[in-house]
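Work through the exercises below with the sequence and the 3D structure at hand. Each task is followed by a solution in steps.

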Amino acid sequence: RDVVVGDARYVVLIGLCTHLGCIPEYKASKQMFVCACHGGEFNVDGIQTYGPPPRPLDIPPFKIDGTKLVLGETSPEYEKLVAKA
């Protein structure tokens with residue numbers, strides 16, 4: 001989920017709980033995404049740490065175009081990241 005583009009680092013994920021599709025809220029004080037629907041929690045890297053979510057937050061298709069991160073298109077970088085997830 002970590003993507004480096006130039007000098008910038010991004011965490012690329014889809015903000016929908018993998019349990020039932022609710023939208024988790026980011027709680028900066030806990031550095032966690034917390035889903036109010038059923039109590040699922042994800043760390044800042046989108047990895048589930050508590051509750052009913054069966055897997056980490058999903059990774060959207062992306063590609064790196066020079067110094068830009070382009071969402072919605074697949075690339076070798078995306079395929080490599082998904083294979084590790």
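**Exercise 1.** State how much area the chain exposes and which atoms supply 54% of it.

Solution. The chain exposes about 5,300 Å². Carbon and sulfur atoms supply 54% of that area. Accessible areas come from the Shrake-Rupley method with a 1.4 Å probe, and for residues only the protein chains shown count as cover. The model is predicted: local features need pLDDT of at least 70, side-chain atom pairs count only at pLDDT 80 or more, and totals for chains, interfaces and linings use all residues. Residues are numbered from 1 along each chain as its sequence is written, and side-chain values use heavy atoms, leaving out hydrogens and water.

**Exercise 2.** Describe the secondary structure of the chain.

Solution. Count the elements: there are one helix and eight strands (DSSP runs, numbered from the N terminus: helices are H or I with at least four residues, strands E with at least two). Next, read along the sequence; the pattern is β-β-β-β-β-β-β-β-α.

**Exercise 3.** Work out how β1 and β2 are joined.

Solution. Strand β1 (residues 2-5) runs antiparallel to β2, and four bridges join them; strands pair if DSSP finds at least two bridges between them. Val-5 stands opposite Ala-8 in β2. The two strands form a hairpin with two residues between them. In the turn, Gly-6 has a positive phi of about 60°.

**Exercise 4.** Locate Leu-16 and decide whether Leu-16 is buried, partly exposed or exposed.

Solution. Leu-16 lies in the loop between β2 (8-11) and β3 (25-27). Its relative accessible area is 39%, so Leu-16 is partly exposed (buried means under 20%, exposed over 50%, partly exposed in between, with a 1.4 Å probe and protein chains only).
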